[in-house]
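Let's take a walk through this structure together. Have the sequence and the 3D view open, and follow along as we go.

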Amino acid sequence: MTSNLNKMVKISLLTGIAFILMFIEFPIIPIFPWLKMDISDVPALMGAFAFGPLAGVLIEFLKVTMNFLLSGSSTGGVGEVANFIIGASFVAPAAFIYWKNKSKKSALLGMIFGIIIMEVVAIIANVYFLLPVYGMNMAPAELMQYVTVGLLPFNGIKGIVISVLTYAIYKKVSVSIFKVEPNFGSNSIGSNSKGKIA
C-alpha cells in the first residue's frame with residue numbers, strides 16, 4: 001500500500017511538472033508556426049522509465065486533460081488530442097523496450113525506436129484524423145510538403161531533444177527520487193524487477 005501510494009505521488013508530481021512545461025512552447029518550423037515545440041514529454045518519459053510504459057501514458061493523458069480543463073483550448077481539443085497521441089506513441093515504445101532489459105543499450109534503442117514510432121503515428125494521425133477534424137484541407141502537394149518539411153523534421157528534433165534531456169536528467173534523479181537504478185551507465189543484459197543489474 002505504501003509503495004503504491006509513493007508511486008502515485010511521484011507520478012502526480014511528474015504530471016504537474018509536465019503540465020507546467022506545456023506552457024513553454026515555441027515554433028521551430030517557420031512555415032508551419034502551429035507546430036510548437038515543448039518538453040513536457042520529458043517527465044512522462046522519466047516516469048515511464050521509472051514505473052513502466054503505462055505510467056508514462058498516464059502522465060501524458062493527465063497533463064493534457066489538466067491543460068484542457070484548466071486552460072481551455074484554442075483548437076477545440078484537437079491540439080490536445082494530438083499532443084497525447086504523439087507523446088504516448090513515443091513514450092510507451094521507448095519504455096517498453098527499456099523494461100524488457102534495463103540497460104544503457106536498451107534505453108538508447110528504446111528512445112530511437114520511440115522516435116520512429118512517433119514519426120509514423122504523427123503522419124497517420126495528422127493525415128487521417130487531426131487535419132480533417134481541424135478543417136485543414138490540403139492539396140496533395142501541400143500535404144506532402146507538410147509531412148516532409150513540417151512533421152518529419154519537427155518530430156525528429158522533438159524526439160532527440162526529449163531523449164537527450166531525459167537521459168541526462170534521469171541518471172541524476174533515478175536513485176534519489178525514484179529509488180530505482182537507471183542502468184544507463186551499463187550495457188549489462190541482466191537486471192532484476194527493480195531495475196538493478198543482476
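What follows starts with the overall layout and then moves inward.

First, a word on what you're looking at: this is a predicted model. The mean pLDDT of the protein is 87, and 87% of its residues reach 70 or more. Among the elements, helix α1 (residues 2-21) has the lowest mean pLDDT, at 90, while helix α2 (residues 41-51) has the highest, at 95. The stretch to treat with care is residues 188-198, where pLDDT stays under 50. The model does show 26 contacts beyond four places in sequence for that stretch, but where pLDDT is low, the predicted coordinates should not be read in detail.

Now the layout. The protein has six helices and two strands, and if you read along the sequence you meet them in the pattern α-β-β-α-α-α-α-α. Of its 198 residues, 43% count as buried. Take the contacts between residues at least 6 apart in sequence: 67% of them join residues at least 24 apart.

The UniProt record, an unreviewed entry, adds the annotation "transmembrane region" to residues 12-35, 42-61, 81-99, 106-131 and 143-170. Let's look at two of those spans in the model. Residues 81-99 are 100% helix and 0% strand, with end C-alpha atoms 26 Å apart. Residues 106-131 are also 100% helix and 0% strand, and here the end C-alpha atoms lie 34 Å apart.

Next, zoom in on α2. How many of its eleven residues are buried? Eleven of the eleven are, so α2 is largely enclosed by the rest of the structure. The buried residues include Asp 41, Pro 43, Leu 45, Gly 47 and Phe 49. Just after this helix, Gly 52 takes a positive phi of about 110 degrees.

With α2 enclosed like that, let's see what it gives to the nonpolar interior. The largest nonpolar core has 28 residues, and those with the most contacts inside it are Leu 45, Phe 49, Ile 59, Phe 90, Val 91, Met 111 and Tyr 170. Helices α1, α2, α3 (53-71), α4 (78-100), α5 and α6 (140-173) each supply at least two residues of this core. Its largest share, eight residues, comes from α2. Apart from this core lies another one, of nine residues, among them Leu 35, Tyr 146, Val 147 and Leu 151.

There's charge in here too. Side chains of opposite charge can pair when their charged atoms come close. The structure holds three salt bridges, and Asp 41 is a good place to begin. The side chains of Lys 63 and Asp 41 meet in one of them, at 3.1 Å from N to O. This pair links distant parts of the chain, with Lys 63 in helix α3 and Asp 41 in helix α2, 22 residues apart. Both Lys 63 and Asp 41 are buried.

Asp 41 also meets the side chain of Lys 158 in a salt bridge, at 3.4 Å from N to O. Lys 158 sits in helix α6 and Asp 41 in helix α2, so this pair ties together parts that are 117 residues apart in sequence. Lys 158 is buried as well.

The remaining bridge brings together the side chains of Glu 60 and Lys 63, at 3.1 Å from N to O. Because Glu 60 and Lys 63 are three residues apart in helix α3, about one helical turn separates them. An α-helix has 3.6 residues a turn, so residues three or four places apart point the same way. Glu 60 counts as buried because its relative accessible area is 0%, and Lys 63 is buried with a relative accessible area of 0% too. Which residues end up joined into one network? Salt bridges that share partners join Asp 41, Glu 60, Lys 63 and Lys 158.

One last stop is Ser 106, in helix α5 (residues 104-134). Is Ser 106 buried or exposed? With a relative accessibility of 5%, Ser 106 counts as buried. Its side chain reaches the backbone oxygen of Asn 101 at 2.3 Å. Leaving aside neighbours within four places in sequence, Ser 106 is in contact with Ile 97, Tyr 98 and Asn 101.

Key. Residues numbered from 1 in each chain as written. Predicted model: local features only at pLDDT ≥ 70, side-chain atom pairs only at ≥ 80, totals over all residues. Heavy atoms only, no water. pLDDT = per-residue confidence, 0-100. Helix = DSSP H or I, 4+ residues; strand = E, 2+ residues; numbered from the N terminus. Contact = heavy atoms within 4.5 Å. UniProt positions renumbered as here; feature names shortened; annotations may be inferred. Buried < 20%, exposed > 50% of the residue type's maximum accessible area, 1.4 Å probe, protein only. Polar contact = N/O pair within 3.5 Å; in protein donor to acceptor, adjacent residues only side chain to side chain. Core = buried A, V, L, I, M, F, W, Y, C linked by side-chain atoms within 4.5 Å. Salt bridge = Lys/Arg side-chain N within 4 Å of Asp/Glu carboxyl O.
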